[in-house]
Amino acid sequence: MSYGVRNLTHHTSSEHPELLEPGRRLTVRVQLNGMAQSFPAGHRLRLSLSTTYWPVVWPSPAPVRLTVFPGESALVLPVRPVGVDDGEPAPAFGPPEGAPPISVTQLLPVEHDWTVTRNMVDLSGALNVLKDLGVVRFDTIDLTVTRRAHERYTFAGDDFCSVRGETDWTMGFARGDWRVRTRTRTVLTSTPTDFHVLAELDAYEGELRVAAKTWSTTIPRDFL
């Protein structure tokens with residue numbers, strides 16, 4: 001799958017973005033990600049267009065309705081002729097190379113989860129993502145590493161100001177009697193004019209918290 005993202009307020013300039021004028025027709029180019037894939041004859045490609053890509057892209061501050069004119073639109077793909085000398089030399093690859101694998105021992109299992117929920121009464125929704133690498137010991141240096149991340153993204157119906165993203169990360173290292181870990185939590189919310197960021201950091205040596213810091217800042221949306 002290849003995808004592209006374009007903020008239409010930047011359709012003429014990223015240095016000087018401007019609001020769209022309702023009813024005005026625009027010609028817009030959207031660059032898709034590059035991908036090395038060939039398609040057999042007879043296969044079809046599907047192109048999907050959307051005004052939102054939550055939670056990969058933060059939504060606009062208000063609902064958006066766009067009209068696409070298929071007869072004046074095009075999907076431009078690179079085409080390389082088959083069996084024809086196009087002047088490009090065929091790549092020559094040698095055998096794969098790599099460093100020898102590191103000796104590790106999985107002490108606690110990996111856990112991954114990706115759950116989407118939707119409340120059909122109030123039309124709220126949530127995406128919960130768990131990325132837990134468990135506990136791994138690097139045998140040659142006798143270092144134990146812990147990494148766990150929980151992400152949660154929520155919204156409520158058509159209330160664009162209800163959108164919220166929260167991440168909670170824990171990183172830990174241990175060797176013998178020495179143990180340290182950090183926990184960070186970041187929350188992002190928004191209004192039609194601003195982003196609001198709350199961040200917390202706690203650092204521990206053993207069970208003793210040795211450092212703590214909290215940040216709270218407001219960032220103008222500036223056409224985002």
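How many bridges join β4 to strand β5? Twelve, and the two strands run antiparallel. This is a predicted model.

**Strands β3, β4 and β5**

Strand β5 covers residues 159-175. Its partner β4 covers residues 143-156 and also pairs with β3, residues 124-138. That second pairing is antiparallel too, and it counts 13 bridges. So β4 has β3 as one partner and β5 as another, by the rule that two strands pair if at least two bridges are found between them.

Single residue pairs show how the strands line up. F138 has L143 of β4 as its bridge partner. V145 stands opposite F173 in β5.

Both connections are hairpins. Between β3 and β4 there are four residues. Between β4 and β5 there are two. Each turn holds a residue with a positive phi: D142 in the β3-β4 turn, at about 50°, and G157 in the β4-β5 turn, also at about 50°.

**Backbone features elsewhere**

Which residues in the segment after β8 have a positive phi without being glycine? D222 is one, with phi of about 50°. F223 is another, with phi of about 75°. D222 is placed in the segment after β8, a strand that spans residues 208-220. F223 lies in that segment as well.

Their exposure can be read from relative accessibility. D222 reaches 54%, so it counts as exposed, since the cut-off for exposed is over 50%. F223 reaches 31% and therefore counts as partly exposed.

| Residue | Positive phi | Place |
|---|---|---|
| D142 | about 50° | turn between β3 and β4 |
| G157 | about 50° | turn between β4 and β5 |
| D222 | about 50° | segment after β8 |
| F223 | about 75° | segment after β8 |

The segment before β1 has a backbone feature of its own. The peptide bond from W54 to P55 is cis. Its omega is near 5°. P55 sits in the segment before β1, and β1 itself spans residues 104-108.

**A nonpolar surface patch**

Which residues form the nonpolar patch on the surface? They are F39, L45, L47, L49, V68, L75 and L77. Together they have about 660 Å² of accessible area. L49, one of these patch residues, is placed in the segment before β1. Is L49 buried or exposed? L49 counts as exposed, because its relative accessibility is 61%.

Technical notes:
Residues numbered from 1 in each chain as written. Predicted model: local features only at pLDDT ≥ 70, side-chain atom pairs only at ≥ 80, totals over all residues. Heavy atoms only, no water. Buried < 20%, exposed > 50% of the residue type's maximum accessible area, 1.4 Å probe, protein only. Patch = residues over 30% accessible without salt bridge, like charges linked within 9 Å, V, L, I, M, F, W, Y side chains within 5 Å. Areas by Shrake-Rupley, 256 points an atom, 1.4 Å probe, with all protein chains shown as cover. Salt bridge = Lys/Arg side-chain N within 4 Å of Asp/Glu carboxyl O.
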